[in-house]
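Reader: I am in my first year and would like to learn how to read the helices of a model step by step. Could you take me through this one?

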Amino acid sequence: MGLVRKATIAEYWNCKLPSQDTSWFRKMFSRNRFQLVFKFFHLTNNNNIPGRNDPNYSPTAKFQCLIDLFNRQSQFHYKPEQNLSIDESLIGTRGRTCMLQYIPSKSSKFGVKVWMLVEAVTGYIIHAIIYRGKTYDPTPPGLTQGSYVVNNLLERAGLLRKKYHVVCDSFFTSIALAKQLFQLDTYFTGTIRQNRNMPNMIKHAILTEREFKYARQGPILMCVYRERARRKSVRILSSYEKATQNNDNKPKILEFYNKNMGGVDLADMMVTHYNDNRKTFKVWKKVAFNFLQRIVINAYILYCKNTSDRPVKSRLQFIQSIIEDLSCDYLLSREMNAQANPGRPKTTRLRKIGKYKDCSVCSDRDGFGGRHRTKTVCRNCYKGLHKDCMNNHVCIEE
């Protein structure tokens, strides 16, 4: 439904006009069956979830099992490259939940915040944590929220003490965090806000256009750079890069940051192509379906890394091939079930319509039996058919 977008769910089963007909959906599901599966879709037993007044209550209880499975499988199937990116993502929703956050820089503005650790170049999601709000996820005293999130993500993913290089924006960065990670054999690079602790020559630097300054304290290198006269100076630190410039006389530390910071934005961009953005009152369903789509994106990145296909399939072709494989497996299993139950004819599937039709079996306008009408039709030939007359019906397709 993310690839073939329509106004309402019912429109996917609309076959009144050839221009609106999408027969694939009718082959996979009847409309009523799909809506029932969608309505009663659950990931966990609600009876086992603690109540709101229980001290063990968690607002992520209805979908946390899916997030845990996603994290385990992402780490099991792929070993990331050295450069990693940490940032926040927002699953857009305006539903009623204590997890609702407002981030004006995001396109959705309101939604559920997700802390993400991804591979910087490909956008492969290694680990994700749902932010449940200050009440359920308080920041320990003596730490900023950004440094706490970085340490938590790296520790849960098991990537500390392995020489990985983490890139973050100014929300997460501090000198104390860079020193702490360096002691854990993990490199760090990130922009830093002017109100954070830093040397005065970097904090209060007055620069002209294309001017820069460096300062070093042990393994930590700091740089301030002003690209244009009308722009503010950018402050950045790193425990990995050196004080060198590229051919344009721009610090290489900034060039590295710009190249490797957009991993989470890349992952969000890829998932928006397949998200139908349909409204729902159930916030947990919005999060669950978003992560199901992210599973497919991770699978596509694994395909690109390991395939021998030339040329490599595009994301659209890859998604379509998955859908075709799944639909073929489903139709094959349905046919095998039909062969295992030979007493059940293929024409037993009826469809309800809004107007009456003559039954193709028992109705006889000119004979003594008289006319018998029904609102159900055969799904294959669309002829009127009573439920009691199914076994005597000979379908045109058969």
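Reader: What sign does phi take at Asp185, just after α5, and about how many degrees is phi there?
Author: This is a predicted model, in which local features need pLDDT of at least 70, side-chain atom pairs count only at pLDDT 80 or more, and totals for chains, interfaces and linings use all residues. Residues are numbered from 1 along each chain as its sequence is written, and side-chain values use heavy atoms, with hydrogens and water left out. Helices (DSSP runs of H or I, at least four residues) and strands (runs of E, at least two) are numbered from the N terminus. Just after α5, Asp185 has a phi that is positive, at about 55°.

Reader: Which residues of helix α5 are buried, and which are exposed on the other side?
Author: Buried means under 20% relative accessible area, exposed over 50%, and partly exposed in between, with a 1.4 Å probe and protein chains only. In α5, residues 175–183, the buried ones are Ile175, Leu177, Ala178 and Leu181. They cover an arc of only 160° around the axis (taken from the directions from the helix axis to the C-beta atoms), which puts them on the same side of α5. The exposed residues on the other side of α5 are Ala176 and Gln183.

Reader: Which elements do the buried residues of α3 pack against?
Author: The buried residues of α3 are Leu66, Ile67, Phe70, Asn71 and Ser74. Seen down the axis of α3, they fall within an arc of 135°, so they line one face of the helix. Taking contact as heavy atoms within 4.5 Å, these buried residues pack against β4 (125–130) and α9.

Reader: Is α3 roughly parallel or roughly antiparallel to α9?
Author: Axes are lines fitted to C-alpha atoms, for helices over the stretch in contact, and angles run from 0 to 180 degrees between N-to-C directions. Angles under 35 degrees count as roughly parallel, over 145 as roughly antiparallel, 65 to 115 as roughly perpendicular and the rest as oblique. The axes of α3 and α9 come within 11 Å and cross at roughly 5°. That crossing makes α3, with respect to α9, roughly parallel.

Reader: Which residues of α9 does α8 meet?
Author: The axes of α8 (residues 263–272) and α9 (residues 283–306) come within 9 Å and cross at roughly 105°. That makes α8 roughly perpendicular to α9. From α8, Ala267, Asp268, Met270 and Val271 take part, and in α9 they meet Asn290, Gln293, Arg294, Ile297 and Ile301.
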